[in-house]
Amino acid sequence: MTRFTPQELEAARDRLVPDVVADGLQVLFCGINPGLMTAATGHHFARPGNRFWPVLHLSGFTPRLLRPSEQGELPSFGLGITNVVARATARADELTTEEYVEGGRLLTAKVERLRPRWLAVVGVTAYRAAFGDRKATIGPQDRTIGASRVWVLPNPSGLNALWTIPKLTDAFRAFRLVTGLPDASCAGGPED
């Protein structure tokens with residue numbers, strides 16, 4: 001992995017990171033916003049302590065552990081990535097309420113255009129802020145966007161210490177089972 005100086009990471013602040021999307025995805029994963037490492041590399045969930053990529057594999061969404069630099073392979077598995085807020089920051093608490101609300105509006109338009117079967121927001125706090133749903137919890141939501149169903153997953157950031165890799169894997173696996181996607185980690189083998 002490329003090492004960045006603090007100055008290089010700071011220079012990535014406010015950068016935009018392109019979505020990894022296609023029409024008709026099975027699942028569009030939605031992060032809160034890009035961190036500075038993600039913005040510096042141009043790869044989603046790039047911070048070394050983030051557990052998104054390992055959990056995506058362990059829960060059966062991908063046949064092998066992908067590196068952030070391999071994010072372009074996701075659409076071949078029916079998966080994509082976007083963010084609630086496009087602007088890169090060092091911490092999510094740097095985002096304003098207005099940015100979350102506008103992000104929710106833009107995300108809704110994106111989902112209506114792309115028509116994934118599922119929108120999976122990784123972070124209940126971000127979901128609550130973007131959609132004004134203070135009572136939302138991890139799991140399925142009543143909200144739909146067009147024909148797309150909505151599910152909230154725990155934030156895989158290493159800073160979210162309450163959610164260990166096994167607990168995250170269980171939450172992601174439970175979601176995958178609901179989507180009807182096969183267990184890609186078994187390469188066509190029996191369901192776990």
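Here are some notes on the sheet, one of its strand residues and a helix in this structure, which is a predicted model.

1. Let's start with the sheet. It is an open one made of 5 strands, and if you walk across it you meet them in the order 2-1-3-5-4. The pairing is mixed. Strand 2 and strand 4 stand at the edges with a single partner strand each, so one side of each has no neighbour in the sheet. On average, neighbouring strands are turned by 25° against each other, direction ignored.

2. Now look at one edge. Strand 2 covers residues 79-83, and it pairs with strand 1 in the parallel sense over 5 bridges. One of the residue pairs to find here is Gly31 with its bridge partner in strand 2, Asn83.

3. Stay with Asn83 for a moment. Is Asn83 buried or exposed? The cut-off for buried is under 20% relative accessible area, and Asn83 has 10%, so Asn83 counts as buried. Which residues is Asn83 in contact with, leaving aside its neighbours within four places in sequence? The list is Asp19, Cys30, Gly31, Ile32, Asn33, Pro34 and His44. Gly31 is in that list, and you have just met Gly31 as the bridge partner of Asn83.

4. Over at the other edge, strand 4 (residues 139-145) pairs with strand 5 in the antiparallel sense over 4 bridges. Try picking out Pro140, whose bridge partner in strand 5 is Trp151. The two strands make a hairpin with 2 residues between them, and Gly146 in this hairpin takes a positive phi near 60°.

5. A general point to keep in mind while you look at strands: in a regular strand, the side chains alternate between the two faces of the sheet.

6. Next, helix 6, which runs over residues 165-179 and has 15 residues. From its first C-alpha to its last, helix 6 reaches 21 Å, close to the 21 Å expected at 1.5 Å a residue. Just after helix 6 comes Gly180, with a positive phi of about 85°.

7. Which residues of helix 6 are buried? They are Leu168, Thr169, Ala171, Phe172, Phe175, Arg176 and Thr179. These residues cover an arc of only 165° around the axis, which means they sit on the same side of helix 6.

8. What covers those buried residues of helix 6? The cover includes three strands you can find in the sheet order, strand 1 (27-31), strand 3 (118-122) and strand 5 (148-153). Helix 3 (52-58) is also part of the cover.

Note on methods. Residues are numbered from 1 along each chain as its sequence is written. This is a predicted model: local features need pLDDT of at least 70, side-chain atom pairs count only at pLDDT 80 or more; totals for chains, interfaces and linings use all residues. Side-chain values use heavy atoms; hydrogens and water are left out. Buried means under 20% relative accessible area, exposed over 50%, partly exposed in between (1.4 Å probe, protein chains only). Contact means heavy atoms within 4.5 Å. The expected span of a helix is 1.5 Å times one less than its number of residues. The arc is that of the directions from the helix axis to the C-beta atoms. Two strands pair if DSSP finds at least two bridges between them. Axes are lines fitted to C-alpha atoms, for helices over the stretch in contact, and angles run from 0 to 180 degrees between N-to-C directions.
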